[in-house]
Amino acid sequence: MSEIKKIKNLKEFSTSADRVVGANLLCPGCAHSIIVREVLNATNDDLVISASTGCLEVCTAVYPYTSWDASWIHIGFENSSTAVAGAEAMYQALKRKGRLLQPERTPKFVAFGGDGATYDIGFQWLSGCFERGHDMMYVTLDNEVYANTGGQASGATPLGSSTTTAPAGRVSYGKKRHKKDMMAIMAAHGAPYVAQVAPNKWKDMVKKIQTGFQTEGPVFINAMSACTTEWKFAPEDTIAISDLATDSLVFPLYEIIDGKEWNITYRPKNIIPVRDYLGAQGRFKHLFKKENEYLIEEWQKRIDSSWEYLQRREESRV
Amino acid sequence: MADKMDLLDVEVWDGNMAASQAFRQAQIDVVAAYPITPSTPVVENYAGFLADGYVDGEYVMVESEHAAMSGCVGAAAAGGRVATATSSQGFALMVEVLYQASGMRLPIVLEVVNRALAAPLNVNGDHSDMYLGRDSGWIQLDTFSPQEAYDLTLMAFKIGEDHNVRLPVMVHQDGFISSHTAQGVKTIDDDTAYNFLGEFQPFNAMLDFEKPASYGVQTEEDWHFEHKARQHNDLMTKVFPKIDEVFADFKKLTGREYRILEEYAMDDAEVAIVVMGTSVESTRIVCAELREQGIKAGVLGIRVLRPFPMEKIAAALSGVKAVATLDRSSPNGTVGMLFNEMSGVMINATERPIINNYIYGLGGRDLTIEHIRGIYGDLQENAKAGSLQQPLQQFIGLRGPKLSFY
């Protein structure tokens, strides 16, 4: 087992040696690069990284350039999980056969996928990897939309969000269904560690990523990635929007250990109304029309009941 | 360390067991696989070897063929020897990742036990899956018997893994007729077989942390074409010399001779059949019979489908008067692939043979000796008349009214 990297403060953390460099094509204000840096900077170990087709991939590896100072692979939209699982299998094989090039190293295997890649098209591959128990971490960059292709609805798109494939219009309020509970689904796979993180709560995030790296077996991380382009807010407001998400409990921060130990890791001092979170984003603008206002109430009820559920699960320890 | 297996000089193996044994002897580092008829026994046998300690690599039993090839790509990019097996629908599900594997220049070996593609659903052998893969940038080796499945599967690693080649290789065998038909297979002992391949030599391995590599990057109109052109150029120029070299080494080792184009009685042939898979052997039987009757018949067996040995074919067909191309895949709206390829090869020749096309054996339908005699009969008519005497395309062994086109 490798040593846990000691991180004193944000200044030191933010100036750690970067293995994904700022020279990339992501939108100004994109949370992806913040999250990826927070994941990569949480360890000093070598990394084998995979990325699903999506914003992160098309913006960081455009030939003849690469933003990655770490081993990196992209195959397709659906299989970043299996790509890194294959690499992990090769590591195990070469370790057993004594053929590792640098046998003293203790690499970590990390797959990144957007919510479309995770909740929708790549779900089977992800599920298979977790059933087989590869020693890997899967990180969802959850911006609740197919952002790379221009804002189509995914299985993670929340109720009432306007997307290009489920737009709000004269007779429609946008997405008709709530997002999947991916955290519970992955915990139900028997994963030893499942956690939800947000880039604005960097200490919470680093702790969880480091726990994940110390955990043997498949680790699932759902990272909220506020999308300036598709959520429609100003690029400089990414962290402010992220604060609204965590403080309204739309994105509660918690972890699930071995499927049964649920821990809430962030309890906002002042819980803000969901209305404030929705109102800060263009994708929900139409919900504030009179005929749609009931949906804001429905949102609040759902978030209240989810928070209640989380707390009961935390207490029950079953 | 995996245990060695004592093999008899001649083992009774079907094509699937022959492929599994080649996999075992190659000491593959990662097999990621998903079972499908008729290739299932390849991975079942391999799992049995693992369970008994004859394999010490990783065996990842994934949840689909797409994941099988995805895992193979990740493992191969990490830097080691990788292989899997599939058929038919599984092959079709893999197709997306087949292009990724070749585009990333990863020398994966894929045993394709050929089977028909649905609908209607059919588990028997034809070449529609093999044809589906022919533009995927892989090297495609075709075998005609379990012995050849064993030999070519071993050689596939040596061909694809060469640092000048670095391309994935499919080894094809006919579903059931080869895969499930036990024959005497001459074996190579474990050490000799492994030493013939040698230890895998990594190239831009993801597990080399001193030299991190990015795999599967984006290229648009500025660079995509150059990558594809370079891959094609390497297929056309670097693969044949390597195959020749490996075939020569293999002959030295075993006495068994393979050629890029398997010519049978072609030297002075006037009528010739071009065919693939187990039907090559049936066609040779009829050809020998015709030779005894003084008919100048020949057989061209396609050993290497991709890259396609155009120059060798042009030379072999030079002087032949009539050629039949036998395709075991529904052309669905045009002529068969082999007809197209042969026509393309011969179009600029000074003496062009008359070429026609037969579709046969779909979904495992038998191609009988009598059918092949009939085809040679057509060819003799065409050769004598100096022009095509039948429709350009005919279906062989089909129930109901005789279908033919053009």
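**View 1. A:S80 sits in helix α4 (residues 80-97) of chain A.** Helices here are DSSP runs of H or I of at least four residues, strands are runs of E of at least two, and both are numbered from the N terminus. This is a predicted model, in which local features need pLDDT of at least 70, side-chain atom pairs count only at pLDDT 80 or more, and totals for chains, interfaces and linings use all residues. Residues are numbered from 1 along each chain as its sequence is written, while chains are lettered from A and ligands numbered from 1 in the order in which they are written. A:S80 is buried because 35 other C-beta atoms lie within 10 Å; the cut-offs are 20 or more such atoms for buried, 12 or fewer for exposed, and partly exposed in between, with C-beta atoms placed from the backbone. Leaving aside residues up to four places away in sequence, A:S80 touches A:S50, A:A51, A:S52, A:A111, A:F112, A:G113, A:A117 and A:G122. Contact means that two C-beta atoms, placed from the backbone, lie within 7 Å. For a sense of scale, A:D181 is 101 residues from A:S80 in sequence and 20 Å away in space, C-alpha to C-alpha.

**View 2. Helix α2 (residues 31-40) of chain A is mostly covered.** Ten of its ten residues are buried. Among them you will find the charged pair of names A:R37 and A:E38, along with A:H32, A:I34 and A:L40.

**View 3. An open sheet of nine strands draws on both chains.** Follow the order β8(A)-β7(A)-β5(A)-β6(A)-β4(A)-β3(A)-β1(A)-β2(A)-β9(B), with mixed pairing. Two strands pair here if DSSP finds at least two bridges between them. The edges are β8 (261-264) of chain A and β9 of chain B, each pairing on one side only. At the chain A edge, β7 (residues 254-257) runs antiparallel to β8(A), and four bridges join the two. A:Y254 has A:I264 of β8(A) as its bridge partner. Across the chains, β2 (residues 71-73) of chain A pairs with β9(B) in the parallel sense over two bridges, and A:W72 stands opposite B:S214.

**View 4. Chain B meets chain A through 39 of its residues, in contact with 41 of chain A.** On the chain B side, the elements that give two or more residues are β2, β3 (58-61), α3 (65-78), α4 and β9 (214-215). Helix α3(B) gives the most, with nine residues. By type, this side divides into 20 nonpolar, twelve polar and seven charged residues. Here Ala, Val, Leu, Ile, Met, Phe, Trp, Tyr, Cys and Pro count as nonpolar, Asp, Glu, Lys and Arg as charged, and the others, Gly among them, as polar.

**View 5. Two cis peptide bonds can be found in loops of chain B.** One runs from B:T37 to B:P38, with omega near 0°; B:P38 lies between β2 (30-33) and α2 (40-51). Another cis bond runs from B:A118 to B:A119, again with omega near 0°, and B:A119 is in the loop between β5 (109-114) and α5 (128-132).

**View 6. A:R317 and B:S88 have positive phi values.** Most residues other than glycine have a negative phi. A:R317, with phi near 55°, is in the segment after α12 (293-316) of chain A. A:R317 is exposed because it has 8 other C-beta atoms within 10 Å. B:S88, with phi of about 45°, lies in helix α4 (residues 88-103) of chain B. With 29 C-beta neighbours inside 10 Å, B:S88 counts as buried.
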